[in-house]
Amino acid sequence: MQQFFFSASKEFGAEITRLLDFVHPATVALWNLRWQVQGFVAATGNATDDDLSERFGSGSGFPARNLKKSCIETPWAEQMEQFAQIVAANVIALYESWAEEVFSETINMNPKHKKWVQFPSRGVNGRRHEGIRDTLAEIRSAGISPEMRSAFFPVYSASKWNGVAHLDEMTVLYRYHKEIRNSFMHSGGRASELAETAWSNVSGLTRADVGGRRNPILTQVTEGQRISYSMEQASDLAAVIIRLIHSIDAELSSSMYAEQYFLEAWSSWSERGKYKELPSDPIQRDRRIAKICRKVGFVTPANPAAVIALGRKAGFVH
């Protein structure tokens with residue numbers, strides 16, 4: 001999952017991994033805490049909140065208040081819904097942050113792209129404004145680098161997380177989660193009109209539509225009614241965003257923007273001068289180019305000759 005072209009995408013990969021590595025054990029830990037608190041209260045019969053805090057919070061450095069309410073009075077499903085809302089809000093924030101950064105990493109890229117990639121394309125579900133495929137079309141129209149297309153695109157696009165054939169459908173699914181998030185943040189968990197519309201747009205999508213392993217997990221959303229949200233849905237959201245970023249990152253890797261980005265990274269490499277003379281032996285030369293690419297933060301290219309052509313054009317290698 002970590003094989004990304006742009007640094008913003010690499011940062012996203014690290015952050016989403018860190019988040020999910022926390023969420024999974026934290027969920028198990030909460031379940032076990034509930035079980036232990038319930039068992040302790042049943043055994044003692046008269047445990048106070050202070051007793052529970054001392055028993056289960058000692059050593060953590062954080063007071064364990066209201067454990068009876070949290071672990072006995074509050075249903076597990078309700079706690080999971082609260083946790084799911086937190087996870088969804090963080091995952092969406094990571095996508096928004098990535099979009100902000102990745103379209104700021106290259107010169108002369110349209111700043112509106114950071115918004116467009118959060119919506120399906122023009123014409124999908126009656127949308128009148130540009131969306132995700134319009135973004136990629138505009139970037140392609142600005143120029144495709146034959147060298148980058150040959151050197152790097154085959155590697156980045158080969159990721160199992162690449163879902164370029166399902167971009168619109170995945171973005172429709174993203175909008176469903178985003179509008180639910182907005183309803184929790186701004187309407188106390190009651191569905192807005194936009195949230196109901198987003199559910200209507202996504203309700204007919206299947207696994208084949210979004211390219212996932214299973215059908216999207218959805219709950220009906222009705223304007224003005226309280227929304228139900230689960231950890232399974234938050235997990236679906238994370239998977240969709242991971243695939244969106246892999247797909248867009250790979251598509252951008254063949255652009256003229258990416259060529260400029262790659263050459264700037266190579267130019268700023270402190271050891272560039274040591275590797276200016278390439279070996280005459282073809283095998284050694286390809287190995288040298290692969291090493292250079294890894295050193296400056298990219299993958300081993302599918303076609304080292306294309307990288308050599310770029311390097312010679314820029315005066316980096318002979």
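**Figure 1. The whole protein at a glance.** Of the 318 residues in the protein, 45% are buried. Keep in mind while browsing these panels that this is a predicted model. The protein has 15 helices and zero strands, and its C-alpha trace spans about 80 × 50 × 30 Å along the principal axes. A search of the whole structure turns up 11 salt bridges, and several of them get their own panel below.

**Figure 2. Arg-34, a buried charge without a salt bridge.** Here we look into helix H1 (residues 7–44), where Arg-34 sits. Which side chain of opposite charge is nearest to Arg-34? That would be Glu-78, but at 8.6 Å away, and Arg-34 has no salt bridge although this arginine is buried. A salt bridge needs a side-chain nitrogen of Lys or Arg within 4 Å of a carboxyl oxygen of Asp or Glu. What Arg-34 does have is polar company: its side chain reaches the backbone oxygen of Ser-70 at 3.2 Å. The Arg-34 side chain also makes a polar contact of 2.7 Å with the side chain of Gln-79.

**Figure 3. A patch of negative charge on the surface.** Five residues gather here: Asp-49, Asp-50, Asp-51, Glu-54 and Glu-73. Which helix gives the largest share of the negative patch? Helix H2 (residues 49–57) does, with four residues. Asp-49 is one of the patch members and has its place in helix H2. Asp-49 counts as partly exposed because its relative accessibility is 35%, and a patch takes residues with over 30% relative accessible area and no salt bridge.

**Figure 4. Two asparagines with positive phi.** Most residues other than glycine have a negative phi, which makes this pair worth a close look. Asn-66 has a phi near 55 degrees, a positive value, and is found in the loop between H2 and helix H3 (67–73). Over in the loop between H5 and H6 we find Asn-125, with phi again near 55 degrees and again positive. How exposed are they? Asn-66 has a relative accessible area of 45%, so this residue is partly exposed. Asn-125 is partly exposed too, because its relative accessible area is 45%.

**Figure 5. Ser-121 and its contact with Asp-168.** Ser-121 lies in the loop between helix H5 (113–116) and helix H6 (132–141). Is Ser-121 buried or exposed? The relative accessibility of Ser-121 is just 6%, so Ser-121 counts as buried. The side chains of Ser-121 and Asp-168 are joined by a polar contact of 2.6 Å.

**Figure 6. Glu-130 and Arg-122, a partly exposed pair.** Side chains of opposite charge can pair when their charged atoms come close. This view shows such a case: the side chains of Glu-130 and Arg-122 meet in a salt bridge, 2.9 Å from N to O. Glu-130 is partly exposed because its relative accessible area is 24%. Arg-122, with a relative accessible area of 45%, is partly exposed as well.

**Figure 7. A buried salt bridge within helix H9.** Glu-179 forms a salt bridge with Arg-175, and their closest N and O atoms are 2.9 Å apart. How many residues separate Glu-179 and Arg-175 in helix H9 (residues 167–186)? They are four residues apart, or about one turn of the helix. Both Glu-179 and Arg-175 are buried.

**Figure 8. A salt-bridge network of three residues.** This panel goes past simple pairs: Glu-96, Lys-178 and Arg-181 are linked in a network of salt bridges.

**Figure 9. Glu-271 and Lys-274.** The salt bridge between Glu-271 and Lys-274 has its closest N and O atoms 3.5 Å apart. The two partners fall into separate accessibility classes: Glu-271 counts as partly exposed because its relative accessibility is 29%, whereas Lys-274, at 62%, counts as exposed.

**Figure 10. Ala-302 in its loop.** To finish, we move to the loop between helix H14 (282–295) and helix H15 (304–314), where Ala-302 is found. Ala-302 counts as partly exposed because its relative accessibility is 46%. For a sense of scale, the C-alpha atoms of Ala-302 and Glu-138 are separated by 26 Å, and the two residues are 164 residues apart along the chain.

Terms used
Residues numbered from 1 in each chain as written. Predicted model: local features only at pLDDT ≥ 70, side-chain atom pairs only at ≥ 80, totals over all residues. Heavy atoms only, no water. Patch = residues over 30% accessible without salt bridge, like charges linked within 9 Å, V, L, I, M, F, W, Y side chains within 5 Å. Areas by Shrake-Rupley, 256 points an atom, 1.4 Å probe, with all protein chains shown as cover. Lys, Arg positive; Asp, Glu negative; His and termini not counted. Charge placed at Lys NZ, Arg CZ, Asp CG, Glu CD. Buried < 20%, exposed > 50% of the residue type's maximum accessible area, 1.4 Å probe, protein only. Polar contact = N/O pair within 3.5 Å; in protein donor to acceptor, adjacent residues only side chain to side chain.
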